[in-house]
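Visitor: I should like to learn how to read the features of a protein model. Where might we begin?
Guide: Let us look at the structure together and take its features in turn.

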Amino acid sequence: MSIYEKLKSLHITLPVLDPPVAAFVPFVRTGNLVFISGHIAKKDGKPWTGKLGADLTTAEGKQAAHTIAIDLLATLQAAAGDLNKIQRIVKLLVLVNSAPTFTEQHLVANGASELLIEIFGRERGAHARSAFGVAQIPLGSCVEIELIAELA
């Protein structure tokens, strides 16, 4: 099954890319690697704001990470031209806007990791990952994720 057939079976439509709002590019290709800039969580087209453990639950954070993964796929498609050319999702860096006592950043990150594994399969979708709490994320967003992928 192609990646696009898998997306369709999951009822996932890739969004139109938003232009960057700062001094960076959405992705950089070097050799067979693609580095995708950090994407923040959005809800109804606006930053999904709040701190995990204070304003938002772990389940809400996991959903935010899931939606970011879909946005990352749209950028990855722009970088690769075709998601079927992705050899491997190499690494995710997941930043979670966290209250001082929140310790479930890894569970929030699973929202993105699980979706990528479901779409690309374990062999191509399983990846290295770092997930940690931060005091704040741009625009007050609850989660930000960046991704590194290898092209075939």
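**Reading contacts, core and pocket**

Guide: Please note that this model is predicted. We begin with a residue and its partners: setting aside residues up to four places away in sequence, N110 touches K62 and R129.

Visitor: Where does N110 lie, and what joins the side chains of N110 and R129?

Guide: N110 lies in helix α3. The side chains of N110 and R129 are joined by a polar contact of 2.9 Å.

Visitor: How does one read a nonpolar core, and how many residues has the largest one here?

Guide: A nonpolar core is a set of buried residues joined through side-chain atoms within 4.5 Å. In this model the largest nonpolar core has 39 residues, and those with the most contacts inside it are L76, I86, V143, I145 and L147. At least two residues of this core come from each of α1 (3-9), β2 (33-40), α2 (58-80), β5 (86-97), α3 (105-125) and β7 (143-151). The element that gives the most is α2, with 10 residues.

Visitor: With which residues is I86 in contact, leaving aside its neighbours within four places in sequence?

Guide: Apart from those neighbours, I86 is in contact with L76, A80, F120, R124, A149, E150 and L151.

Visitor: Let us turn to L116. Is L116 buried or exposed?

Guide: Buried means under 20% relative accessible area. L116 is in helix α3, and because its relative accessibility is 1%, L116 counts as buried. Not counting residues up to four places away in sequence, L116 touches L73, I89, L92, G121, G125, H127 and L147. One may also compare sequence with space: L116 and H66 are 50 residues apart in sequence, while their C-alpha atoms are 9.0 Å apart.

Visitor: How should I read a polar residue such as N97, and in which strand is N97 found?

Guide: One asks for its place, its accessibility and its partners. N97 is found in strand β5 and counts as buried because its relative accessibility is 1%. A polar atom of the N97 side chain lies 3.5 Å from the backbone oxygen of G50. Beyond its neighbours within four places in sequence, N97 is in contact with G50, K51, L52, V134, A135, Q136, I137, G140, S141 and C142. The C-alpha atoms of N97 and E144 are separated by 8.3 Å, although these residues are 47 residues apart along the chain.

Visitor: S141 appears in that list of contacts. Where is S141 found, and what does its side chain reach?

Guide: S141 is found in the loop between β6 (128-134) and β7. With a relative accessible area of 0%, S141 is buried. The side chain of S141 reaches the backbone oxygen of V143 at 3.2 Å. Not counting residues up to four places away in sequence, S141 touches I40, A41, W48, T49, G50, N97 and Q136.

Visitor: Finally, how does one describe a pocket, and what is the volume of the largest pocket?

Guide: One gives its volume and then its lining. The largest pocket has a volume of about 600 Å³. Its lining has 23 residues, and F24, G38, H39, I40 and K42 lie nearest its centre. The elements that give two or more residues to this lining are β2 and α2, and the largest share, four residues, comes from β2.

Visitor: Which classes of residue make up the lining of the largest pocket?

Guide: By class, the lining has 14 nonpolar, five polar and four charged residues.

How values were computed: Residues are numbered from 1 along each chain as its sequence is written. This is a predicted model: local features need pLDDT of at least 70, side-chain atom pairs count only at pLDDT 80 or more; totals for chains, interfaces and linings use all residues. Side-chain values use heavy atoms; hydrogens and water are left out. Buried means under 20% relative accessible area, exposed over 50%, partly exposed in between (1.4 Å probe, protein chains only). Contact means heavy atoms within 4.5 Å. On a 1 Å grid over the protein atoms alone, a cavity is a set of points where a 1.4 Å probe fits but cannot get out, and a pocket is an open set with protein on both sides within 12 Å along at least five of seven lines; lining residues have an atom within 4 Å of a point. Grid points are joined across faces, edges and corners, and a volume is the space filled by probe spheres set on the points. Ala, Val, Leu, Ile, Met, Phe, Trp, Tyr, Cys and Pro count as nonpolar, Asp, Glu, Lys and Arg as charged, and the others, Gly among them, as polar. A polar contact is a pair of N or O atoms within 3.5 Å; within protein, one must be able to donate a hydrogen and the other to accept it, and residues adjacent in sequence count only if both atoms are side-chain atoms.
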